[in-house]
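Subject: Handing over a structure, with notes

Dear colleague,

I am passing on the structure below, together with a description of what was found in it. Please keep it open while you read, since the notes go through it part by part.

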Amino acid sequence: MKILISACLLGEDVRYDGENSSIAYGANFTFAQKELFMDILCDNEIYSFCPEVSGGLPIPREPAEIISLTKPFIIKNKEGEDVTINFLLGAKNALDLCQKEGISVALLKANSPSCGNKNIYDGSFSGNLIPGEGITAKLLNENGIKIFNEKELLELSKFLKKR
């Protein structure tokens, strides 16, 4: 199966801080989780993607959070600069890739203003999480693409086995 995966989860240094969130090398993952992740990579066709970079933001960049969860969306970085258009372009690029390649499932970075599928930061840059979806996760979900985050590897694996 074709899977869109956040580039940072694959070990690419594309996060806002110039680092990555590698599952394979991450200290926050158990050996069993890493093994499951590697099985998913080996058994499927992987498409690495970072919507923020695709939307034109640099590496590194100021952290950004969603200020308004409803249209018109507002996303600002920590310096107060409006980066909404970059996030919207990145989300559209992710959807275009999924539609072009027939990708129907994605593994995205939890809590990200682009990729979070369950929670996102509240817009105050204080580290507080609230229920919500990042801009890319929301657009993909609205277009029928099943979204998982790195904390849901077991659920993703079960989903893939049913297909």
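A word on terms before the notes: helices here are DSSP runs of H or I with at least four residues, strands are runs of E with at least two, and both are numbered from the N terminus. With that in hand, glycine 144 can be placed as following helix H4, and its phi is positive, near 85 degrees. Please bear in mind throughout that this is a predicted model.

The sheet

The element to look at first is an open sheet formed by four strands in the order S2-S1-S5-S8, with parallel pairing. Its edge strands are S2, which covers 45-49, and S8, each of which pairs on one side only. On average, and with direction ignored, neighbouring strands of this sheet are turned by 25 degrees against each other. The pairing of strand S5 (residues 105-108) with S8 is in the parallel sense and runs over four bridges; there, valine 105 stands opposite lysine 146 of S8.

Helices packed on the sheet

Helix H1, residues 31-43, packs on the sheet and touches strand S1 (2-6) as well as S2 and S5, and its direction makes about 130 degrees with that of S1. Helix H3, residues 84-101, also packs on the sheet, where it touches S1 and S2, and its direction makes about 160 degrees with that of S2.

Helix H5 deserves a closer look, and a question may help: which residues of H5 are buried? They are Leu153, Leu156, Ser157, Phe159 and Leu160. Seen down the axis of H5, these buried residues fall within an arc of 160 degrees, so they line one face of the helix. As background, an α-helix has 3.6 residues a turn, so residues three or four places apart point the same way. The buried residues of H5 pack against S1, H1, S5 and S8, whereas on the other side of this helix Lys158, Lys161 and Lys162 are exposed. In helix H4, which covers residues 135-142, the buried residues are Ile135, Thr136, Ala137 and Leu140.

An aromatic pair

The count of aromatic pairs comes to one. The rings of phenylalanine 148 and phenylalanine 159 have their centres 5.4 Å apart and their planes at 55 degrees, so the pair is tilted. Phenylalanine 148 lies in strand S8 (residues 146-149) and phenylalanine 159 in helix H5 (residues 153-162), so the pair ties together parts that are 11 residues apart in sequence. Both phenylalanine 148 and phenylalanine 159 are buried.

Cysteines

How many disulfides are there? The count comes to zero, where a disulfide would need two cysteine sulfur atoms within 2.5 Å. For cysteine 8, the closest cysteine sulfur is that of cysteine 115 at 6.7 Å, which is too far for a bond. Cysteine 8 is buried, with a relative accessible area of 9%. Cysteine 42 is likewise in no disulfide, and the nearest cysteine sulfur to it, that of cysteine 8, is 19 Å away. At 63% relative accessibility, cysteine 42 counts as exposed.

Backbone details in the loops

Some points in the backbone are worth checking by eye. A cis peptide bond joins isoleucine 59 and proline 60, with omega about -10 degrees, and proline 60 lies in the loop between helix H2 (51-54) and strand S3 (64-68). Another cis peptide bond joins lysine 71 and proline 72, with omega about -5 degrees; proline 72 is found in the loop between S3 and strand S4 (74-77).

Turning to phi angles, asparagine 111 is a residue other than glycine with a positive phi, near 70 degrees. Asparagine 111 sits in the loop between S5 and strand S6 (119-121), and it is buried, with a relative accessible area of 13%. Phenylalanine 125 is not a glycine either, yet its phi is positive at about 60 degrees. Phenylalanine 125 belongs to the loop between S6 and strand S7 (129-131), and it is partly exposed, with a relative accessible area of 24%.

With best wishes

Methods: Residues numbered from 1 in each chain as written. Predicted model: local features only at pLDDT ≥ 70, side-chain atom pairs only at ≥ 80, totals over all residues. Heavy atoms only, no water. Phe/Tyr/Trp six-rings, centres within 6.5 Å; stacked < 30°, edge-to-face > 60°. Buried < 20%, exposed > 50% of the residue type's maximum accessible area, 1.4 Å probe, protein only. Pairing = 2+ DSSP bridges. Axes fitted to C-alpha atoms, helices over the stretch in contact; angles between N-to-C directions. Contact = heavy atoms within 4.5 Å. Arc of directions from axis to C-beta.
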